[in-house]
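Open the model in your viewer and keep the selection panel at hand. The stops below say what to select next and what is there.

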Amino acid sequence: MRLSKLNIKKINLLDVDDNYSAQDILMKMGELYQFESGIYAYGTIWLKLQKNIENIIIEELDKADCMQVEFPKLQPKKIWEQSNRWSVYTKENDIMYTIENNLGEYGLAPTAEECATIYGSNRLLSYKNLPATYYQISEKFRKEIRARGYLFRPRTFTMMDAYSFDKSKEDMNKTYNKMHEVYLKIFERLGIKIIPTVSDGGTMGGNVSEEFQAVTALGEDTILYDEDLDVGINKEVLDFENKDEYLAQLNIKDISKMKEYSSVELGNNFQLGTKYSESMGLFFKDEQGKEKPYYMGCYGIGVGRIVATILENNVIKENEKIKGFSIPANIAPYKVQIIYKEDKKNIAEDLYKQLNEMNVPCIIDDRDDESIGSKIKDAHIMGTPYVIVLGNRFENGIVEIEETKSCKKYEVDFEKVGMFLRNSEGIRDVLVFLHNLHNFRMHKIRR
């Protein structure tokens, strides 16, 4: 990408929100635009980062034999009446946005249990077709009373939601546990420390549910975590009438030993049982040809909230002042930003061409009206993990590469820059890669 085409706005880092610094930087740059509270437009950096995260989610779900689908965002009232949730979502909790016209009443999807149940029952006619799990990644809509934290709690957001179908409670438990492991792999690949916790089933229904909580000072949830047992609970569980049952299942005997953390919920799984198949009258035929209700589970991951968490977890400060943020290299939309002095323009263009040919996502700062110092500052507010500077140090075919997260600088052979970046998933992996690469020259700059 040529930076001149992005048209980023100049910002004052002293005026950035202390709590949600990365998202506020993107807002002030113009990469996020708020139409009104909780409703946003997304620019190149956000969308490409989100797509990289989605690809990891898709890869892990596909490995687990889940099938990708897409359900309608505009859903007819009649299917929500089949499950007896229309009044719950439009009157009792007032969660769903509704539309009424001469064609009837509709809701903008806050979730998709009804659509999934109907879709699954149309294909899963026999026990021979089970188990099956369908998932989608799509926009959801919810009437948040108080939108907050930019994309931590907006009114429209991107979510992965999956729905499993099994023939028995035992099989439902197996699928539920399988999805638990899939989630842990997803968050491990994303570099997010997750604590699964017991939670409330809420309006989804079902008797068993768990949240996947990321510890962060920005979270609105409070969890209790036992390091020895490696188990956690949402603090709201202590208000349940059957809290002792929950604690006994987790072998928690002494709450005072549990540490309290502020956290944000990035995923939530539910065992739905037969709630939807029975209420909607949708069944499969068992081995004896009798109609039986599906045992279902539903599984959600807040993709937009993951993006926000990764950005805010990677804010860079220098002398207690916000400098920008640095996106991890394995999911960054652009791995490197090329910055050059005017007399090195032709060399920079050649490098940009070489990296594109090697499919290394990169940015060239081709703006004519910015100093090299200003360009380096802008690289930090765009989250690019590596910066290549073709300045006064460029001689004898050596370029300077800075890792923006640690501010460490390295000198690398010009001809080997592409391999350096293509194989770098973090500085430790880079060092291993370079150590094993024949005739690769790298010298750490002494400070």
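Select strands β7 (132-141) and β8 (156-166). In this predicted model, β7 and β8 are antiparallel partners, with 10 bridges between them. One point to check along the pair is threonine 133, which stands opposite serine 164 in β8.

Keep β8 selected and add β16, residues 295-302. These two strands also run antiparallel, joined by eight bridges. Here phenylalanine 165 faces methionine 296 of β16 across the pairing.

Now colour β8 by accessibility. Is β8 mostly covered or mostly open? Of its 11 residues, 11 are buried. In a regular strand, side chains alternate between the two faces of the sheet. For β8, one side carries Thr156, Thr158, Met160, Ala162, Ser164 and Asp166, and the other carries Phe157, Met159, Asp161, Tyr163 and Phe165. Both sides are covered, and every residue just listed is buried.

**The nonpolar cores**

From β8, pick out Met160. Which residues touch the most other members of the largest nonpolar core? They are Met160 and Met382, in a core of 60 residues. Helix α3, residues 44-63, is the top contributor to this core, with eight residues. Show everything around Met160: leaving aside residues up to four places away in sequence, methionine 160 touches Ile57, Leu61, Tyr135, Gln136, Ile137, Tyr183, Tyr299, Gly300, Ile301 and Val303. Another core lies apart from this one and has 25 residues; Ala112, Leu130, Phe284 and Cys298 are among them.

**Two helices**

Val303, a contact of methionine 160, belongs to the next selection, helix α10 (residues 303-313). Because 10 of its 11 residues are buried, α10 is largely enclosed by the rest of the structure. The buried set is Val303, Gly304, Arg305, Ile306, Val307, Ala308, Thr309, Ile310, Leu311 and Glu312, so arginine and glutamate appear in it as well as nonpolar residues.

Tyr183, also touched by methionine 160, leads to helix α7, residues 169-189. Measure end to end between C-alpha atoms: the distance is 31 Å, which agrees with the 30 Å that 21 residues should span at 1.5 Å a residue. Buried in α7 are Met172, Thr175, Tyr176, Met179, His180, Val182, Tyr183, Ile186 and Phe187. Just past the end of α7, select glycine 191, where phi is positive, at about 75°.

**Salt bridges**

Side chains of opposite charge can pair when their charged atoms come close. How many salt bridges does a search of the whole structure find? It finds 27.

Start with arginine 85 and glutamate 114, whose closest N and O atoms are 2.7 Å apart. Arginine 85 sits in the loop between α4 (77-82) and α5 (86-92), and glutamate 114 sits in helix α6 (residues 113-123), so the salt bridge ties together parts 29 residues apart in sequence. Both partners are buried.

Next select lysine 143 and aspartate 94, a salt bridge with its closest N and O atoms 3.2 Å apart. Lysine 143 is in the loop between β7 and β8, while aspartate 94 is in the loop between α5 and β5 (97-101), so this pair ties together parts 49 residues apart in sequence. Are these two residues buried or partly exposed? Lysine 143 is partly exposed, at a relative accessible area of 32%, and aspartate 94 is partly exposed, at 34%.

Then move to lysine 259 and glutamate 227, which form a salt bridge with closest N and O atoms 3.3 Å apart. Lysine 259 belongs to strand β13 (residues 259-273), and glutamate 227 to the loop between β11 (221-226) and β12 (231-234), 32 residues apart. Relative accessibility is 42% for lysine 259, which counts as partly exposed. Glutamate 227 is partly exposed too, at 45%.

For a last charged group, select Lys10, Asp365, Arg367, Glu370 and Asp378, which are linked in a network of salt bridges.

**The whole chain**

Finish by clearing the selection and showing the full chain. There are 14 helices and 24 strands. Of the 447 residues, 54% count as buried. Among contacts between residues at least 6 apart in sequence, 69% join residues at least 24 apart. The accessible surface of the chain is about 21700 Å², and 45% of it belongs to carbon and sulfur atoms.

Terms used
Residues are numbered from 1 along each chain as its sequence is written. This is a predicted model: local features need pLDDT of at least 70, side-chain atom pairs count only at pLDDT 80 or more; totals for chains, interfaces and linings use all residues. Side-chain values use heavy atoms; hydrogens and water are left out. A nonpolar core is a set of buried Ala, Val, Leu, Ile, Met, Phe, Trp, Tyr and Cys residues joined through side-chain atoms within 4.5 Å. Buried means under 20% relative accessible area, exposed over 50%, partly exposed in between (1.4 Å probe, protein chains only). Helices (H or I, at least four residues) and strands (E, at least two) are DSSP runs, numbered from the N terminus. Contact means heavy atoms within 4.5 Å. Accessible areas come from the Shrake-Rupley method with a 1.4 Å probe; for residues, only the protein chains shown count as cover. A salt bridge is a side-chain nitrogen of Lys or Arg within 4 Å of a carboxyl oxygen of Asp or Glu. Two strands pair if DSSP finds at least two bridges between them. The expected span of a helix is 1.5 Å times one less than its number of residues.
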